[in-house]
Amino acid sequence: MPTIVVDVMPKAELLDPQGKAVAGALARLGESAFTEVRIGKRFELTVEGEVDDATLDAARRLADEILSNGVIEDVVGVEVVE
């Protein structure tokens, strides 16, 4: 069954306290190659049957209206994975 994956991230201009905490932990562990971390959300929507344009449009609408908070988050990806 195909799956539609929706990725949501905090808006770039907002503070990401979880990302800051992970970046600090990486630095303490000596992982200096990574200077910034941002943490988001991933949703997997399993589809019965084929994914057509209408289904993908519905997933995009749900991503904007339900899966993300438009005030503080951006939908950065909606894609079909097999």
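Which residues gather in a patch of negative charge on the surface? Select E50, D52, D53 and E82, and the patch is in view. Keep in mind during this tour that the model is predicted.

**Stop 1: one member of the patch**

Stay with D53 and show the secondary structure around it. D53 belongs to helix α2, which covers residues 53-67. Is D53 buried or exposed? Its relative accessible area is 62%, and because exposed means over 50%, D53 counts as exposed. The other residues to keep selected here are E50, D52 and E82, which share the negative patch with D53.

**Stop 2: along helix α2**

Now select R61 and E65. Their side chains meet in a salt bridge, with 3.7 Å from N to O. Where do the two residues sit relative to each other? Both are in helix α2, and because they are 4 residues apart, about one helical turn separates them. R61 has a relative accessibility of 44% and is partly exposed. E65, at 54%, is exposed. Colour the two residues by accessibility if your viewer allows it.

**Stop 3: a bridge between two strands**

How many salt bridges does the structure hold? There are 5, and the next one to select is the pair E73 and K41. The closest N and O atoms of this salt bridge are 3.1 Å apart. The pair links distant parts of the chain: E73 lies in strand β3 (residues 73-81) and K41 in strand β2 (residues 41-46), with their positions 32 residues apart in the numbering.

Look next at how much of each partner is covered. E73 has a relative accessible area of 14%; since buried means under 20%, E73 counts as buried. K41, with 34%, is partly exposed. This salt bridge therefore pairs a buried residue, E73, with a partly exposed one, K41. If you display polar contacts, the side chains of E73 and K41 appear there as well, at 3.1 Å.

**Stop 4: R42 and E44**

Finally, select R42 and E44. What joins their side chains? They meet in a salt bridge, with a distance of 2.9 Å from N to O. E44 has a relative accessible area of 51%, and because the limit for exposed is over 50%, E44 counts as exposed.

**To look at again**

Return to the negative patch with E50, D52, D53 and E82, then to the salt bridge of R61 with E65 in helix α2, and end on E73 in strand β3.

Notes
Residues are numbered from 1 along each chain as its sequence is written. This is a predicted model: local features need pLDDT of at least 70, side-chain atom pairs count only at pLDDT 80 or more; totals for chains, interfaces and linings use all residues. Side-chain values use heavy atoms; hydrogens and water are left out. Patches are made of residues with over 30% relative accessible area and no salt bridge: like charges are joined within 9 Å, nonpolar side chains (Val, Leu, Ile, Met, Phe, Trp, Tyr) within 5 Å. Accessible areas come from the Shrake-Rupley method with a 1.4 Å probe; for residues, only the protein chains shown count as cover. A salt bridge is a side-chain nitrogen of Lys or Arg within 4 Å of a carboxyl oxygen of Asp or Glu. Lys and Arg count as positive and Asp and Glu as negative; His and the chain ends are not counted. The place of a charge is taken as NZ of Lys, CZ of Arg, CG of Asp or CD of Glu. Buried means under 20% relative accessible area, exposed over 50%, partly exposed in between (1.4 Å probe, protein chains only). A polar contact is a pair of N or O atoms within 3.5 Å; within protein, one must be able to donate a hydrogen and the other to accept it, and residues adjacent in sequence count only if both atoms are side-chain atoms.
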